[in-house]
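Visitor: I would like to go through this model with you, one region at a time. Please bring it up.

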Amino acid sequence: MSAGAAPTYLAFDIGGTKVASGFVTLPASANANAGADGRPEVTARCEIPTEAARGGEDLKNRIVAFAVRQLERAEAEGVAIAGVGLAAAGVPDSETGEIVSATDILPGWRGQRIYDAFAAVTDLPVHMIGDVGAHGLGEATYGAGRGRGVVLSIGVGTGIGGAIVVDGALFTGAHGVAGHAGHVPSALGRGFLCSCGTLEGHIEPVASGTGLKDLYNARCDAEEGEPVADGSQVAARAAAGEPLAVGVIEDSARALGECIGGMGNLIDPDVIVVSGSVVKAGPLWWNALRAGFEDSALQLVRSAPLVEGELGGAAPLIGAAVAVRRHVAQGRP
Ligand SMILES: [Zn+2]
């Protein structure tokens with residue numbers, strides 16, 4: 001690769017239901033303000049099912065086999081790959097390549113040594129970060145947070161996650177846990193079981209997509225209405241004007257907005273990017289989110305724009321590529 005050329009990375013996004021991959025070509029200039037030509041390009045996108053029940057060892061082996069196929073494809077198409085970036089579910093150790101924590105969604109994923117497995121099939125530099133962090137890094141570098149110094153990224157989907165990106169670098173904390181935005185206290189969540197195991201009141205079990213469903217069904221039982229199967233049904237009933245659904249969307253989004261205001265007070269971001277399936281719940285959700293944020297955020301923090309993510313499902317792939325590029329630039333193997 002000649003100096004100044006736009007480098008291409010092989011990226012993976014390892015989630016609970018699928019493993020996505022693509023070739024991510026990042027703009028030659030790391031300056032994200034480069035304009036229209038400063039956007040990454042993702043090609044050769046494909047995916048395999050995670051099939052989590054087959055266990056972590058099996059998953060790791062299938063990811064490596066997937067990588068080999070993608071590298072062969074790159075060679076056949078004349079695409080020079082500069083490195084491999086991985087966005088992984090669970091909590092990965094970026095230094096050692098070991099998955100140090102994972103939920104029951106991926107049995108046996110914890111303890112897998114990913115770098116060792118890749119080293120057996122490629123000499124390319126390989127770098128792994130968490131999938132939620134990768135999403136935030138992608139949005140911060142090339143999406144809705146581009147050009148901003150301090151970016152707080154919040155993902156509201158099946159669960160709730162977050163990432164803090166400072167001057168283009170992911171802030172991961174002492175144990176790689178920083179950014180776990182779903183596990184902040186909220187009175188609305190009291191009595192709802194969080195994915196971390198607490199019943200004491202975290203925001204995730206009442207503000208994620210699953211949480212919208214659970215909050216609705218909990219209130220619905222009391223009024224003997226018809227329960228919903230998922231969060232999008234709550235949004236649909238709210239859009240149709242059903243008072244119970246409207247109340248659930250408003251209470252849930254407001255509580256999440258209050259939590260985001262608290263997070264904003266702690267880190268003072270330039271911008272807050274909110275992504276994930278739940279942000280499609282419509283203006284009712286967004287208005288309540290913003291109202292909660294404004295009630296909770298300090299006056300100067302309130303000026304930080306609260307915006308929707310721009311990169312969609314490509315964000316973790318782009319973030320993984322950004323992470324491996326940074327890793328290589330620092331002269332790491
Ligand atoms: Zn929790």
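Visitor: To begin with a single residue, what is the relative accessible area of His183?

Guide: The relative accessible area of His183 is 23%, and the residue is therefore partly exposed. Buried means under 20% relative accessible area, exposed means over 50%, and partly exposed lies in between, computed with a 1.4 Å probe on protein chains only. This is a predicted model, in which local features need pLDDT of at least 70 and side-chain atom pairs count only at pLDDT 80 or more, while totals for chains, interfaces and linings use all residues. Residues are numbered from 1 along each chain as its sequence is written, and side-chain values use heavy atoms, with hydrogens and water left out.

Visitor: Which protein donors does the zinc ion have?

Guide: They are His183 (ND1), Cys194 (SG), Cys196 (SG) and His202 (ND1), at 2.0 to 2.3 Å from the zinc ion. Donors are N, O and S atoms within 2.8 Å of the metal (3.2 Å for Na, K and Ca), and sites may look incomplete because water is not among the atoms. Along the chain, the donors of the zinc ion follow the spacing H-x10-C-x1-C-x5-H. His183 and Cys194 are eleven residues apart, both in the loop between strand 10 and helix 4 (204–207), and the pair links distant parts of the chain. Helices (H or I, at least four residues) and strands (E, at least two) are DSSP runs numbered from the N terminus.

Visitor: And Cys194, buried or exposed?

Guide: Cys194 is buried, with a relative accessible area of 3%.

Visitor: What geometry does the zinc site have?

Guide: The site is tetrahedral, with angles of 99 to 123 degrees among the four donor atoms of the zinc ion. Four donors count as tetrahedral if all angles lie between 85 and 135 degrees; four count as square planar and six as octahedral if opposite donors are over 155 degrees apart and all others between 65 and 115; anything else is irregular.

Visitor: Turning to the sheets, what is the strand order in the one that contains strand 10?

Guide: Five strands form an open sheet in the order 10-9-8-11-12, with mixed pairing. Strand 10 (169–171) and strand 12 (306–308) are the edge strands, each pairing on one side only. Two strands pair if DSSP finds at least two bridges between them.

Visitor: In which sense do strand 9 and strand 10 pair?

Guide: Strand 9 (residues 160–166) and strand 10 pair in the antiparallel sense over three bridges, and Ile164 stands opposite Phe171 in strand 10. By contrast, strand 8 and strand 11 pair in the parallel sense over five bridges, with Val273 in strand 11 as the bridge partner of Ser153. Strand 11 and strand 12 are also parallel, over three bridges, and the bridge partner of Ile272 in strand 12 is Leu306.

Visitor: How many residues of strand 11 are buried?

Guide: Five of the five residues are buried, so strand 11 is largely enclosed by the rest of the structure. Val271, Val273 and Ser275 lie on one side and Ile272 and Val274 on the other, which leaves both faces covered.

Visitor: Which strands does helix 7 lie across?

Guide: Helix 7 (residues 243–267) lies across strand 8 (150–156), strand 9, strand 11 (271–275) and strand 12, at about 155 degrees to strand 8. Contact means heavy atoms within 4.5 Å; axes are lines fitted to C-alpha atoms, for helices over the stretch in contact, and angles run from 0 to 180 degrees between N-to-C directions. Helix 8 (residues 283–296) lies across strand 8, strand 11 and strand 12, at about 155 degrees to strand 12.

Visitor: What span should helix 7 have?

Guide: At 1.5 Å a residue, its 25 residues should span 36 Å, and the end C-alpha atoms are 36 Å apart, which agrees. The expected span is 1.5 Å times one less than the number of residues. Asp268 follows helix 7 and has a positive phi, near 50 degrees.

Visitor: Where is Leu298?

Guide: Leu298 is in the loop between helix 8 and strand 12, and is exposed at 51% relative accessible area. Its C-alpha atom is 7.7 Å from that of Gly261, 37 residues apart along the chain.

Visitor: Finally, what order does the sheet with strand 1 have?

Guide: That open sheet of five strands has the order 3-2-1-4-7, with mixed pairing. Strand 3 (41–49) and strand 7 (126–130) stand at the edges with a single partner strand each, so one side of each is left without a neighbour in the sheet. Strand 1 (residues 8–14) and strand 4 (residues 81–88) pair in the parallel sense over six bridges, and Thr8 stands opposite Ile81 in strand 4.
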